Protein chains: 2
Amino acid sequence: MSNLTSAIKETSAEVRAELDRLLPVPNTPERRVVEAMRYSVLAGGKCLRPFLVLQCAQLFGVEKDRALRVAVALEMVHCYSLIHDDLPAMDNDDMRRGQPTCHKQYDEATAILAGDGLLTRAFGVIAADDCLFEPAVRCQLIAELSKAAGMNGMIGGQMLDILAENEDDMDMPGIIRLQQMKTGRLFSFACEAGAIMGKASYEERQVLKDYARDIGLAFQIADDILDVEGDADSMGKAVRKDLDAHKATFISLLGLEKAKEQADALSYQAVASLECFDEKADYLRDLARFIVERRS
Amino acid sequence: MSNLTSAIKETSAEVRAELDRLLPVPNTPERRVVEAMRYSVLAGGKCLRPFLVLQCAQLFGVEKDRALRVAVALEMVHCYSLIHDDLPAMDNDDMRRGQPTCHKQYDEATAILAGDGLLTRAFGVIAADDCLFEPAVRCQLIAELSKAAGMNGMIGGQMLDILAENEDDMDMPGIIRLQQMKTGRLFSFACEAGAIMGKASYEERQVLKDYARDIGLAFQIADDILDVEGDADSMGKAVRKDLDAHKATFISLLGLEKAKEQADALSYQAVASLECFDEKADYLRDLARFIVERRS
C-alpha cells in the first residue's frame, strides 16, 4: 500500500505543477479571482480523480504527459464544485482541506467567481490545441465531462443533496442515486476519460465504468464513516455535520457495522471487475482497498 | 429598422425552441435545478449575442440550423453570468427581464446551481456530435468561448466590477478595460464564432472583432444612459443603481451628452469597419445603430 500512497503523492505533485502553469496570475486588479482559484485548487487535495485518469489512461498506453492535461481539467471541475458547495447558501462550511474555505479566505463574490473560473478554464484546457489528442477525442472528453458534471450528474446530485436536508424519508435507493450523481459521476468520468484517450474497446470501457461506480459508492460510504469516526484535524474539515443535521447517510440507514461491510463488499467487487487487466491495473486494485481503509 | 427588430424576434423564437429542446425537464426531484435554468434562459432576453452569431455565420454561408447550436450555447453562458451576477453576494438584484431574479424565484442555492448547470451544458452542446461542425472547429469554438468567458475575460471583468464598488478613482481607460472584459469579450466571441464556423480569412475575422469591440462598448455606454434616462418597467430591472451607489460609469466620467456622442461615434465606426462585406452585412450595420438607439 505504501507504493500506492507514494504514487498518489507523485501524481499530486505533477497535478500541482501543471495547475500552476495553467493558472498564471495576471498583473492587473482582477488577479484576485485567479488567486482565489489557485488558493483552492492548490490546497493539496488527495488528487484521487486525477490519479484515476492517469492510471486508466496508462492501461491503454497513453503517455502520462498527455493524460495529465485531462486529469488537471477534472481536478479543476472537482475543486469548483467544492468551492460552490461550501458557500453559505449551500453547505455553509468554514474549513476545507485544512484551511479556511474560499469564501472565508476571500469573500462570497470572489468565491462564486473563482468556482466559475475553474469550471470555465477546465473545458478550455481540454479543447486547446496543446492538449495533444486529436480534436474528435477532445470533443468526446468535453461532451462526457459536461454530462458527468452537469444537471443530470454532479449538479443534479448536489440539488438532491440540498433538497434532502428538508426531508427525512430518504431510503437506500434514494441515497445511492444521490451519491452516484453527486460523487460517482465524476469518478466514472475519470475512468472513462482514460478509456477514451486510449481508444479502449467498448467492453474495457464498461469494465472501468463498473469499477468506478463501485469505488465511487465505497468512497462515499467511507466518507460517511469518517464523518462519524474521524476528527476534524485529520479530515481538514468539520465532521459530524450530517449527524447533527439529522441528515440521512449510509450510517443512519445501515448502521456503522453494516455500512463498513457494504463499503468492503463494493471495494472487493471493484477489484474483481478488473480481472481482464494485467498487473498494469495493480494501482487501481490497491486504490479500491485504499478508499475504504483511508483515515482522512 | 423594423426589419431588424423582426429578424431579431425571429432569432429569439428559434433560440427559445432550441433551448427548450436542449434542456428537457427530468421526472425526478432534481428537476428543480433544470426548472430554474429554464426559468432564466427562457425569460425572453433580447438574444443579441445569438443574433450576432447567426448574422456573422451567414456572411460565410454557414447554414442557420448549424450555427444556431453555437448561438444557443452562447446564450446559456450569458444567462449563467446574469444569474450569478444577480446573487446577493454580487450585485444583489431582485428583478431581471421583468421577472424576479433566479434566486428570488427559487433560492440562492438553486440559483448558484442553475448558473453552474447552464455553463456546464453550454460546452457540452458545442462538443456533442450532433453539433454538426467538424471536431477541430468545435474545439476551436470551445477554446475561444472558454477564454472569452473566463478569468481573463468575462469573469475577470465581473471581478473588476465588484472591486470598483470600493474605489471611486476609476478613469476612462479603467472603465473601458472593465467593460471590454465584462461585456465586450462575449460580443467578440459571438462575431468570432461566426467567422470560425465559416472558416473566414484572418482579415475577415479581424474586421468582425473590431466591429464587435465597438458595438460592445457602445452597448455598455447605451446601458449606462438607459440606467439614467430609462424606467424600471421598460428595462425589466432596477435603474439608477450605479448612480445611487456613486459608481463610476461612462456618464459620471463623460457627462450625458459626451457619452451619447461617444456611443454614436463607436456605432458609426462599427458600421464603417464592415466595408468589405456586401449587403449580407446589412443587419449587422443596422444592429450597430439599434444598439445605441434602443429604449430598453
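The dialogue below works through a helix, the contact between two chains and two loop residues in a predicted model.

Reader: What should I know about the numbering and the model before I begin?

Author: Residues are numbered from 1 along each chain as its sequence is written, while chains are lettered from A and ligands numbered from 1 in the order in which they are written. The model is predicted, and local features need pLDDT of at least 70, side-chain atom pairs count only at pLDDT 80 or more, and totals for chains, interfaces and linings use all residues.

Reader: How many residues does helix H6 of chain A have, and what span does it reach?

Author: Helices (H or I, at least four residues) and strands (E, at least two) are DSSP runs, numbered from the N terminus, and the expected span of a helix is 1.5 Å times one less than its number of residues. Helix H6 of chain A, residues 108-127, has 20 residues and reaches 29 Å from its first C-alpha to its last, close to the 28 Å expected.

Reader: Is H6(A) mostly covered or mostly uncovered?

Author: A residue is buried if 20 or more other C-beta atoms, placed from the backbone, lie within 10 Å of its own, exposed if 12 or fewer, and partly exposed in between. In H6(A), 19 of the 20 residues are buried, and the helix is mostly covered.

Reader: By what turn can chain A be laid on chain B?

Author: Copies are superposed by least squares on the C-alpha atoms of residues with pLDDT of at least 70 in both. Here a turn of 180° and a shift of 0.0 Å along the axis lay chain A on chain B with an RMSD of 0.0 Å; the two copies are thus related as by a two-fold rotation axis. Of the residues of chain A, A:Pro135 comes closest to that axis, at 2.6 Å (C-alpha).

Reader: Which helix gives the most to the side of chain A that touches chain B?

Author: Two residues are in contact if their C-beta atoms, placed from the backbone, lie within 7 Å, and the contact takes 43 residues from chain A and 43 residues from chain B. On the side of chain A that touches chain B, H6(A) gives the most, with 12 residues.

Reader: Where does A:Asn92 lie, and what is its phi?

Author: A:Asn92 lies in the loop between helix H4 (64-85) and strand S1 (95-96) of chain A, and its phi is positive, about 50°, although A:Asn92 is not a glycine. A:Asn92 is partly exposed, with 14 other C-beta atoms within 10 Å.

Reader: In which loop is B:Lys199 found?

Author: B:Lys199 is found in the loop between helix H9 (172-197) and helix H10 (202-229) of chain B, and B:Lys199 has a positive phi of about 50° although it is not a glycine.
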